[in-house]
Structure formats: structure tokens, C-alpha cells
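Student: I would be grateful for a close look at a single part of this structure, together with its surroundings. Could you begin with the cysteines and then turn to the part you have chosen?

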Amino acid sequence: MVELGWTALAVPEAAGGAGMKCVAVAALAEEIGKRAMPSPLPSTLLATFVLREAGGEAARQWLEKIAGGSSATLATSNEEGSWEPEQTSVRAEASGNAAMLDGTAYFVQDARKASFFVVSAAAGGKVGLYAVPADHPGVTIRPDHIIDLTRDQARVSFDRVKVAASDVVTPPPSGLDALRKAAPAMLTVLAADIAGAGEWQLQTTTEYAKVRHQFDRPLGFFQAVKHPIVNMMVALDEVRSLVYNAACAIDSEPELALRYARMAKSAASDAAAFCSGRSVQLHGGIGFNWECDVQIYFKRQKHSQMLLGDGVYQREKLSELL
């Protein structure tokens, strides 16, 4: 029996992975969020989804690397932080069957933990995908200063980076199709992470309201405390329901997957903001203190809220679908 690492879970069996369904991956992502796990696994999962949708021999080779334990991340956002897949700030110049990359990708998650990047680059207005090792000559990683202590983020610059033909995952314009097809799984897994972190915030705040006393009574006795905690629970139940509905659609009803995934991320982003605010406020002064773990989850949730678009963005995209 071959023992597979965590990175192999979403990799297709044909590429040496476990081939887990999205429902199972969402359950894993929920536990990652619940532990605020400082790991490149979430970013690797998103890159895996894109490589799966890209298909082809080049994608399979890089999926095999992930199955073997390599970490990966997407380098697809431009300087404005756009989540539209066609709006990349990296340019590709064809060189026979190979390509030359120039430009900078922004808001790259876990860039310093990744073994390689899946880069979207435009050539003549058409987007292709390219796999670039993190230590490739011409690649420069400039860390961003962010408040989320469980992740790192960076700008990744490509200065005349030559990509061999075997590392061109999908030539233009197929890269855009792969990114769009992978979007439902990416949104769903990120929403599951938010649900898990929100559950920690709910349980921790509830326990604090039981043991912290004021006016000779536990804080949870007061309606001004207990009602927001119930509202946290209701919001998270909604998120979890939408997450697993989207995951089931990805596995069984792909024609509905994008709609359900945007609904899940919309609710999750809103819940991330609400639960984070309530968890800090209901902990009182200690909630603002670095000695309290509440601040770790607050920062992670605020980061996750904006990744791949916040609630307003998701509802705008939903309106276009409908």
C-alpha cells in the first residue's frame, strides 16, 4: 500500500493521487480553517483544481509532483487585485513551443512556501497557463506585509523567465477555460475554510460567555451577549449548508456548480466579517490582546473574506449568472 501525503488528496488517481471528491476536500478544508493551519495545503489545493481542469501531459506531470509532496500556488492576480481570470499582469512571448514570461503577479498566497507557481500570462490578449519552479532563474519573490499570521503573501516577478514546452500547462487561449472551470471548487474550498474558522470562533466565544462573570452572572446570561452568539451559529449553519451543496454539485451536477459556489462564498465572506467582529467584541478587552488566540482567527477570516472576491463581488457575479 502506497502512503500518500496531504497534497495528493485532490490529485486524480491517474496522476498518482487519491482522487478525492470535492465533498471530502471541503470537509478537510473545514478542519484546516478550524485549526487556522499555517500550511500551503489550501493554496496547493487551488492550484491542483486548475491543473486538473487544464488536462494534458504537462498538467499531469505537475500533478504528479504535487502527489509526491510538492506544494504549489496560483500566480494569477494583477496589481489591482482583480479576480477576473483574464486580467493578468504577466505577459507571455512565444518562443517556438516554449514561452518567455515577463511581469509581476500580485497577491500570491503562500508564495514562500510553494515549490512552484501556476502562472497565468497573456499573449495577444489570450491567457495561457505556465508552471514555473519557485527557484527558477528570473523569479523574484517580494513578501507583502499582511496581518494574517497563518499565511504569507507576496508579489512574484518574472524577468525574462524561459518556460520549456513541457512546462506550458495550457497554451493561449485554453488557460482562461481552465481557470473558469476550476472556479467552483476553488470558491467552495475557501468557503469551507471560513466555515471551519467561524466554528472555532463560535465555540470559543460561547465557552468564554459561560466562564466569564460580570454582575455576579456569566456573560451568556445577558441577551446582549447570547443573541449575537446565536446569530453567529445561524450564519455558520447557512454557510455550511451552502458549502456542501456546492461541493455536491461539483461532484454530481457540474452545470449548477458555479452558481452554488458563488452563493457559498458570498455567505461565507459575510459570516467571516460578522463572526470575527462578534468574537472580538464579546471577549471584551482580552479579545484585542495578542495573548488571546481570537486575534489569530480574526485576521485569518478577514483575509479569507476578500480572497477570490468578497460577498458583494460574489453577488454581483451571481446576478450575471441569473
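Tutor: A search of the whole structure, which is a predicted model, finds zero disulfides. Cys22, for instance, is in no disulfide, and the nearest cysteine sulfur, that of Cys248, is 9.0 Å away. Cys22 is buried, with a relative accessible area of 4%. Cys292 also counts as buried, at 11% relative accessibility. Its closest cysteine sulfur, in Cys275, is 16 Å away, which is too far for a bond.

The part I have chosen is helix H3, residues 56–67. At 1.5 Å a residue, its 12 residues should span 16 Å, and the end C-alpha atoms are indeed 16 Å apart, so the two values agree. The buried residues of H3 are Ala58, Ala59, Trp62, Leu63, Ile66 and Ala67. Among the elements that cover them are helix H2 (41–54), strand E1 (72–75), strand E4 (116–123), strand E5 (126–133) and strand E8 (168–170). Just after H3, Gly69 takes a positive phi of about 115 degrees.

One residue to follow from here is Leu51. Leaving aside its neighbours within four places in sequence, Leu51 is in contact with Ala59, Trp62, Leu63 and Ile66, and also with Phe116, Val118 and Val169. Leu51 belongs to the largest nonpolar core, which has 60 residues. Those with the most contacts inside this core are Leu51 itself, Phe49, Val50, Phe116, Val118 and Met186. Helix H4 (residues 174–211) gives the most to this core, with 12 residues. Apart from it lies another core, of 22 residues, including Ala92, Ala111, Ala121 and Ala154.

Notes:
Residues are numbered from 1 along each chain as its sequence is written. This is a predicted model: local features need pLDDT of at least 70, side-chain atom pairs count only at pLDDT 80 or more; totals for chains, interfaces and linings use all residues. Side-chain values use heavy atoms; hydrogens and water are left out. A disulfide is a pair of cysteine sulfur atoms within 2.5 Å. Buried means under 20% relative accessible area, exposed over 50%, partly exposed in between (1.4 Å probe, protein chains only). Helices (H or I, at least four residues) and strands (E, at least two) are DSSP runs, numbered from the N terminus. The expected span of a helix is 1.5 Å times one less than its number of residues. Contact means heavy atoms within 4.5 Å. A nonpolar core is a set of buried Ala, Val, Leu, Ile, Met, Phe, Trp, Tyr and Cys residues joined through side-chain atoms within 4.5 Å.
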